[in-house]
Amino acid sequence: MSTTTADAEQKVYEHEGTLWRPKSGCTSTFDDLLTAQRRWFEIFHETDWNPWREKELQPEVEWAEKVMGEWERAEPDHRPMTKRRVGAINAAITRRVRAARRADEARWEEAKASYDPERERARYALLEQQCIAVCQRKETVELKGGTRFPGMAPDRRAQQVAELEAKVANRTREIARLECIVGDPETVIDEGGKLPRDRRKWNIICYGILRRRWIEERRETVAELRQTRASTKDRKEKASIDAQLWSAERRLNVLLAVPRLETEDTCADCYTPQYQHDYGDVFETSPCPAWPLNAARWERVREILRGAQERIDATKPEQPKPQPLATLPGNLPIAEVIERLSKLQQEHPDAVVKRGRANRWGLWPKEQ
């Protein structure tokens with residue numbers, strides 16, 4: 001509803017302790033102002049996490065800024081902040097951040113003396129065992145309820161349930177043992193004296209940067225694959241591109257679906273959201289690389305790959321040793337040496353002369 005009369009322009013509205021009044025010529029309502037303020041902050045947070053949406057949401061931003069520009073604060077003593085005041089506030093924030101950083105660094109330096117590598121390893125093992133136990137309990141419930149492998153024979157199902165329950169019982173005992181060593185996992189410091197909460201503050205920043213880069217790369221990959229598929233007529237090649245496109249789109253959608261994270265939502269030991277750490281069979285999840293069982297599994301994979309590469313290298317023919325373009329005995333008269341070198345210079349103008357074995361001289365290509 002438009003509000004352009006003189007009476008409306010003088011009307012004051014209150015919201016959450018602040019007073020507002022429309023400027024002269026205002027064409028928006030007070031409800032429009034509240035909606036514009038709320039939407040502007042929503043878009044700010046959305047584009048901070050998903051910057052590629054800025055262009056898509058730009059019309060809403062322009063509308064919100066236009067509406068907010070039609071209203072002003074109505075408190076009698078209210079004064080807009082000057083640039084000097086804004087600069088002073090920013091300077092104070094900078095000083096507080098630097099002071100907090102210095103305090104953290106002093107705390108980390110002092111905590112280094114109490115670093116316990118055994119407790120740190122036990123913490124990794126505890127987190128991994130807890131994750132596996134959660135997955136196995138979930139699998140047990142699904143097997144009992146018949147939602148997991150519905151066509152499985154009853155005797156086979158009962159056998160698997162019994163095996164899982166035994167594994168969960170053993171794992172529960174191992175978790176209890178590790179808890180005695182670890183205590184509160186959030187109080188375990190690393191070699192640099194940092195607590196898990198200290199590392200999460202950095203990890204969430206790194207993950208946000210990496211996520212943007214990964215999304216940009218995958219969007220480019222998806223666009224290129226779609227363009228290639230459109231120009232391809234061969235059926236086999238199209239089938240191969242479809243498989244690549246399906247994988248690229250799925251990975252892209254997984255990244256796009258990640259909600260805005262808080263610090264506690266991030267793993268303290270890698271750049272991954274905590275909810276994506278899983279030992280289940282879900283495509284989008286994976287264990288933390290710092291967990292010992294997962295680290296040992298990847299080390300076995302690397303050993304297999306190294307062994308395969310060594311076998312490939314062993315079958316490759318040995319490269320022949322480089323030979324000189326020509327050789328000269330070292331005991332020739334000067335005149336004959338000059339004569340031979342003159343002829344060789346015509347054949348190999350860029351060659352260089354180097355001393356070789358058995359008192360001989362060799363003529364070698366310049367690049368060697």
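Modeller: In this predicted model, a residue is called buried when its relative accessible area is under 20%.

Biologist: With that cut-off in hand, why is C131 called buried?

Modeller: The relative accessible area of C131 is 12%, and because the limit is under 20%, C131 counts as buried.

Biologist: What makes C26 buried or exposed?

Modeller: C26 has a relative accessibility of 1%, and since buried means under 20%, C26 is placed among the buried residues.

Biologist: How do you know whether C131 is bonded or not bonded to the closest cysteine sulfur?

Modeller: The closest cysteine sulfur to that of C131 belongs to C135 and lies 4.5 Å away; a disulfide requires the two sulfur atoms to be within 2.5 Å, so this pair is too far apart for a bond. For the structure as a whole, the count of disulfides is zero.

Biologist: Turning to the loop between α7 and α8, where T232 is found, why is T232 called buried?

Modeller: T232 has 8% relative accessibility, and because anything under 20% is buried, T232 qualifies.

Biologist: What makes the approach of the T232 side chain to the backbone oxygen of T228 a polar contact?

Modeller: The side chain of T232 reaches that backbone oxygen at 2.6 Å, and the limit for such a pair is within 3.5 Å, so the distance satisfies the criterion. Leaving aside residues up to four places away in sequence, T232 also touches E237, K238 and I241.

Biologist: Which residues of the largest nonpolar core touch the most other members?

Modeller: That core has 13 residues, and those with the most contacts to other members are W49, Y207, V222, L225, V258 and L261. Helices α7 (196-230) and α8 (235-256) each supply at least two residues of this core. Beyond four places in sequence, L261 touches W49, I204, Y207, T266, P273 and Y275.

Biologist: What makes the three-stranded sheet, with its order β1-β2-β3, an open one with edges?

Modeller: The strands pair in the antiparallel sense, and β1 (13-15) and β3 (71-73) each have a single partner strand, so one side of each has no neighbour in the sheet. From one strand to the next the twist averages 35 degrees.

Biologist: How do you know that β2 and β3 are paired?

Modeller: Strand β2 (residues 18-22) and β3 share three bridges, and because pairing needs at least two, the two strands count as an antiparallel pair. Within β3, W71 stands opposite P22. Helix α2 (residues 30-49) packs on the sheet, where it touches β1, β2 and β3, and its direction makes about 30 degrees with that of β1.

Key: Residues numbered from 1 in each chain as written. Predicted model: local features only at pLDDT ≥ 70, side-chain atom pairs only at ≥ 80, totals over all residues. Heavy atoms only, no water. Core = buried A, V, L, I, M, F, W, Y, C linked by side-chain atoms within 4.5 Å. Buried < 20%, exposed > 50% of the residue type's maximum accessible area, 1.4 Å probe, protein only. Helix = DSSP H or I, 4+ residues; strand = E, 2+ residues; numbered from the N terminus. Contact = heavy atoms within 4.5 Å. Polar contact = N/O pair within 3.5 Å; in protein donor to acceptor, adjacent residues only side chain to side chain. Axes fitted to C-alpha atoms, helices over the stretch in contact; angles between N-to-C directions.
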